[in-house]
Amino acid sequence: MAGLVLTRPIPLLILQSFLLAVAFGSNEVEEEFSEALLLKPLPDRKVLAHFHFENRAPPSNSHGRHHHLFPKAISQLVQKFRVKEMELSFTQGRWNHEHWGGSDPLSSMNAKPVGVELWAVFDVPHSQVDASWKNLTHALSGLFCASINYLESSASYAAPTWGFGRNSDKLRYGSLPREAVCTENLTPWLKLLPCRDKDGISALMNRPSVYRGFYHSQRLYLSMVDSGEEGVGSGMLLEQTLTVVLQPDDVSVEKHLQPSWSLSSLFGRNVVGKCVLAKSSNVYLQMEGLAHPEAHTLWKNAEFELSIKPDRTLRESSSVLFIYSIDKSSDSEPFDLGLTWKLPSKWSCQQAPLHASRFLMGSGNERGAIAILLKATESQDKLSGRDLTNGRCTIKANIFQIFPWYVKVYYHTLQIFVDQQQNTSSEVLKKINVSPSTDKMSSGMMEMMLELPCEVKSAAISIEYDKGFLHIDEYPPDANQGFDIPSALISFPDHHASLDFKEELSTLPLLSKFKDKSLVRSYTEVLLVPLTTPDFSMPYNVITITCTVFALYFGSLLNALRRRIGEEERFLKSKGKKTGGLKQLLSRFTAKIRGRPVESPSSDSPATRSSILSTKLLFKIILVAVAAAAWQFFSTDM
Amino acid sequence: MSTEHREKEEEEVKTDGGSPKIKPRPIVQLGIFLISHSPVFSVVFSAAGVMALLLLPLLAKNTYISENALMPGSARSMLSHRDVSDGSKLVNDIQNFRLNHEGQGVEVQRLIGKYMSEMGAEVYYQKFQPDGNHFHPLHFFSGPASYTDLGNVSCASYGVNVAGIIRAPRGDGKESIVLVTPYDFINGGDYEALSFGIASSLFSLLARVTWLSKDIIWLVADSRYGDYRPVSAWLSEYHTPSFEVSDLSKCDDELNISDSFRRAGTVAAALVVKVDGRSERFEDTLSIYAEASNGQMPNLDLINVVNYLAVHRQGFYVKVEKVVSLLSSSWLKTVGEILEAVGKVARTLNPDWKFGIPAADYLEGSATLASSLYSQALGIPTGPHGAFRDYQVDAITLKVSPRFPPGNKGRQHEFFLRGAQLLEGTIRSVNNLLEKFHQSFFLYLLTSPGKFISVGVYMIAFALLVAPLPMVAASLYIDGCNTLTNATDNSAENLKSWKWLRAAKQVFALHLLGFIVTLLPYFISQLPGEQSPTNRSIVWATTSSSLLLVTFVTIPGCSPFSSRPHGANWTVLKSVTISAAFIGLCLMSIINFATAEIGALLLVPMCLMVRPIKPDLRSGRVKSLLCALCSMVLVTIGFPVMFFAISKGLLGEGLVGLSLGGEFWTWLESLWAWKSATYLYIGMVHLPCWLLCLCILFHPS
């Protein structure tokens with residue numbers, strides 16, 4: 001498409017831009033860009049920084065393919081592949097559900113599995129969904145310098161029906177747990193922003209400090225906004241977020257005090273002004289679990305002190321939000337928000353109703369089992385999601401899991417234990433959807449809905465599997481490390497994460513997003529399955545042994561086919577009787593000189609001998625050819 | 001050109017067409033040659049086999065780090081004195097605590113757990129039961145079973161492990177490295193507590209480093225019921241947990257630990273650290289133990305890394321276990337001196353031939369080799385690391401002996417620093433490893449911490465030892481057939497190929513007997529009441545011998561004492577016996593090479609030498625008498641109990657009579673408790689072959 005644009009004649013371009021200007025003037029809804037940064041001290045002496053950039057293109061067909069702020073690469077993607085909704089995330093490190101929270105909107109939206117995760121909903125007929133997905137993976141792969149194109153193969157993605165939390169049959173989901181995330185993925189992501197990282201909040205993204213963090217997740221969410229009007233195309237919403245968890249440099253000697261920090265100490269940079277193209281540009285500081293009642297209103301209190309007076313303070317049920325606008329900051333007066341703790345403070349984050357962990361069971365290269373353990377957390381918030389239908393209080397949990405084909409899962413071995421007692425009836429398991437894997441063709445998928453009693457302490461799900469064998473060229477590099485099973489997704493359909501603000505917040509996109517109800521979900525660990533791996537480091541041995549076997553086999557086979565023992569004996573006897581040594585020598589000698597077989601009427605032996613000689617030669621040639629072919633075969637295989 | 005042709009033709013004709021007689025193929029010719037001269041060859045091969053075994057210390061190669069990713073010692077140690085003083089503080093606290101408090105609470109575990117969580121680790125406690133010896137004959141070779149069927153659980157006796165996990169800050173949590181410090185919380189001495197100093201210093205460092213890519217688990221194993229059991233209990237909970245209600249969790253006590261077990265991905269490697277006694281040398285000593293069950297070894301690279309760091313970075317004196325009594329043996333010294341002299345002579349001939357080593361080195365090497373061979377053959381792990389091997393995890397035990405008395409605080413700090421730096425280096429190397437250990441050797445014998453013999457070399461000795469067996473079997477079979485055809489008339493001609501059948505029946509019967517005798521201890525151990533090992537061994541011996549008598553009575557031809565020569569010709573019997581021994585040894589060499597090697601040293605001479613003593617005694621010639629004496633001595637030594645007594649005697653423990661039986665029973669019990677294949681070998685290969693040799697010895701021919 002880029003080529004298409006480039007080859008377009010220039011006069012046409014000018015004309016188009018003129019037309020665009022005309023259309024732009026007449027339209028009252030403009031493209032909007034807003035940037036925000038949310039900072040949040042975490043209970044385990046770390047600080048979470050969440051960058052949020054939102055780019056809206058209004059529903060209109062008058063713009064054609066041209067945009068003022070909205071990145072062209074993305075809009076082309078949308079038009080070409082008819083993407084309705086899409087989310088792409090690059091993550092390094094693990095989200096600590098216990099300390100960093102599990103049921104607030106921030107964690108349920110930004111706690112992503114390790115590596116790359118991509119899902120997309122398409123607006124095409126069913127038959128074209130797979131093709132669109134494949135093209136999309138390639139396009140994204142080029143756009144973000146990542147190996148997303150590996151999701152193209154049908155064995156690496158799945159089509160969840162309801163377990164993913166989005167009921168669409170045009171949804172495709174895939175993840176690459178082994179993808180390493182680095183600056184080369186961040187740079188193209190920043191290119192989509194109007195100010196890149198040159199100005200505004202994104203200028204804080206100093207690469208060494210961003211990648212030094214304990215958790216790093218870069219996310220891109222795209223969705224189409226239907227205008228509802230006939231004839232007008234749908235608008236686009238692009239949300240780009242970067243979530244990092246940083247450890248502030250602890251200079252204080254006091255061990256129990258939370259570390260104090262400022263933006264410049266966290267990132268090594270300051271904000272020196274907003275991105276001029278942004279409609280709103282805010283910094284938020286979220287404080288949770290404050291002990292002192294006065295802390296809920298004052299930015300300078302006995303517990304902590306902020307370096308800048310907030311523009312606005314918002315209160316939520318369990319936290320306080322300080323809002324800053326960075327409009328006023330400039331080169332001479334940079335915005336450097338700092339937090340200084342004065343009293344030791346301890347609090348805990350809101351947790352998901354159940355904490356999920358997944359692990360492998362068994363040992364050896366033959367079989368094993370996958371277990372998912374759900375443990376009740378000490379969350380007071382459990383009440384909110386209780387479903388009191390039928391007079392019973394229950395927690396619903398959806399589990400969505402993809403199994404690669406080389407992990408051959410026996411679905412009949414599914415066992416569910418609730419509070420350490422095996423649960424055979426379908427009392428707990430409400431719904432299950434299984435699509436078995438096909439060898440080398442498609443991956444298996446399991447979606448299940450559990451309905452656990454509220455007073456449950458722990459629940460365990462185990463399922464057995466056999467380890468498959470891969471063809472020699474299917475092994476990835478570093479195959480001896482093992483193979484990954486992508487994270488399972490546990491979501492709680494009855495639990496919704498939202499921040500409960502009283503105020504109207506439509507002007508603050510990040511907060512209005514948090515105010516919306518979102519599904520509480522958590523990803524489990526990635527698992528590493530050791531499979532039988534051939535010894536790749538010794539192809540020489542393989543070649544040697546194969547050649548020996550070939551030689552032995554063909555040698556004995558040819559011998560058995562060619563030699564006729566009885567005939568030879570008869571021949572030797574007759575020769576002993578009839579021909580003397582000298583005579584035979586003479587006849588053969590003359591034959592050699594003449595260059596043609598001996599025509600001796602007395603015995604047919606020389607003829608057979610010569611024919612044997614020629615067949616011997618022939619067989620030798622064949623043998624060499626076979627050996628060469630074998631060599632070729634194995635050397636290409638290696 | 002033409003003259004050359006002529007010459008060639010002449011040669012060809014002379015060989016090919018000159019004689020009308022058909023020559024057999026060369027390979028057949030060679031076989032016939034070997035079989036017809038089998039006595040000479042068997043002596044030559046067996047001697048060469050023993051010789052090759054003695055030469056092994058000479059053929060040992062220097063170890064090298066095969067996997068490049070390990071890069072041991074390439075990073076500067078980040079361990080600070082603050083970390084070490086944390087460790088020292090923990091040790092002090094534990095020692096003070098144990099001085100002031102008596103009894104067996106879990107307070108020490110709590111103390112350690114507190115330290116761990118202060119460092120930023122996730123801490124949990126695990127209760128486990130001491131495991132009895134549950135011998136089940138069918139559980140050999142089966143995987144590590146979960147211990148759910150323990151029957152009655154007593155809440156009074158259980159151990160409590162403490163484990164702490166440090167999550168790698170930027171890691172993906174797929175892999176982990178385990179560090180184990182076993183400690184007896186009731187009777188643990190001051191030296192043992194020092195291992196906490198090392199581990200805790202290291203842990204405090206690892207909690208703040210950023211280079212970790214694998215999670216680190218520190219397991220403090222409660223070794224009041226032995227070193228192995230707590231580790232295996234923890235591993236079995238880690239890998240094969242039972243989701244059902246465990247009986248232990250019903251015991252209510254001060255420690256509420258239900259459901260708190262945490263995991264951290266696939267275990268990549270494990271290190272067991274123990275501090276043990278005072279070093280006899282001037283330096284601190286580090287002993288490496290690597291043998292796991294059934295002669296399995298960890299990857300050589302793991303030992304290499306530890307050895308490299310300990311020698312070249314931390315200046316430890318590294319050793320592996322050796323048979324001390326061999327160091328003073330004069331004959332081995334003589335062999336060493338001879339080899340040294342040969343090496344010197346060879347070097348004068350050609351300076352490039354460098355195979356001679358000093359006699360002292362040879363002595364050390366062979367003592368270590370003997371210990372390595374013995375530990376592998378026994379099939380019993382030499383430390384808690386053995387539990388990891390059951391889950392295909394490479395693990396070794398490091399036993400550190402400081403050179404100072406336990407009270408010396410000044411030296412202690414430096415000792416912790418060096419110990420923790422060694423572990424830090426090792427963990428950093430393993431952490432660098434992207435793939436699991438696969439690059440280096442798994443089958444090897446150690447002759448010193450820095451020298452090894454790979455499988456390709458040490459199997460030569462075994463191959464030479466067992467090579468005469470098929471030859472002798474074939475030659476004996478041919479002999480036996482000839483005598484049989486001569487004795488009977490031509491009517492037996494058509495049955496020529498079935499002559500071995502009767503002998504085979506006898507061999508099979510005795511092997512079956514061996515199998516039953518192997519299973520008997522299971523039933524004996526089920527006997528009610530508390531039986532002493534001596535009583536049990538007596539029961540076993542009586543049942544076995546009565547079974548043997550029953551076999552002799554019921555199966556014709558089995559008895560060596562029957563008056564008429566009803567049974568098969570002894571040569572055919574011996575031939576089949578030897579074939580069975582050959583097959584048994586070859587199978588065993590696949591399962592546990594060291595067992596097969598030692599077994600071959602005993603079985604091969606016995607099987608080759610044994611012959612009926614009656615004719616020899618009757619003939620009265622010196623040579624025959626010597627032969628008879630030889631075979632009798634060999635058969636006596638070949639009896640497993642006898643060999644056990646002799647080896648005990650060599651180690652300086654005199655055992656006679658019933659106590660021997662008791663000891664033997666205990667020994668066997670330990671073998672089956674560890675699922676050692678050596679037990680199966682003794683019962684199903686060695687014992688039947690020995691019985692058959694006995695039959696041949698007393699054959700009425």
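Colleague: Which residues line the largest cavity?

Modeller: This is a predicted model, in which local features need pLDDT of at least 70 and side-chain atom pairs count only at pLDDT 80 or more, while totals for chains, interfaces and linings use all residues. Residues are numbered from 1 along each chain as written, chains are lettered from A and ligands numbered from 1 in written order, and side-chain values use heavy atoms, without hydrogens or water. A cavity is a set of points, on a 1 Å grid over the protein atoms alone, where a 1.4 Å probe fits but cannot get out, and lining residues have an atom within 4 Å of a point. Those lining the largest cavity are B:Ile288, B:Tyr289, B:Ala290, B:Glu291, B:Val320, B:Glu321, B:Thr368, B:Ser371, B:Ser372, B:Ser375 and B:Leu446.

Colleague: What volume has the largest cavity?

Modeller: The structure holds 10 cavities of 30 Å³ or more. For the largest cavity, the volume (space filled by probe spheres set on the points) is about 90 Å³.

Colleague: Which element gives the most to the lining of the largest cavity?

Modeller: Strand E7 (285–289) and helix H11 (359–378) of chain B each supply at least two lining residues; these elements are DSSP runs (helices H or I, at least four residues; strands E, at least two). With four residues, the greatest contribution comes from H11(B).

Colleague: Where does the largest cavity lie with respect to the domains?

Modeller: Domain bounds come from an automatic or database assignment. Two domains of chain B both give residues to the lining, so the largest cavity lies between domain 2 (68–132 + 156–321 + 382–449) and domain 3 (324–379).

Conventions:
1 Å grid on protein atoms, 1.4 Å probe; cavity = no way out; pocket = protein on both sides within 12 Å on 5 of 7 lines; lining within 4 Å.
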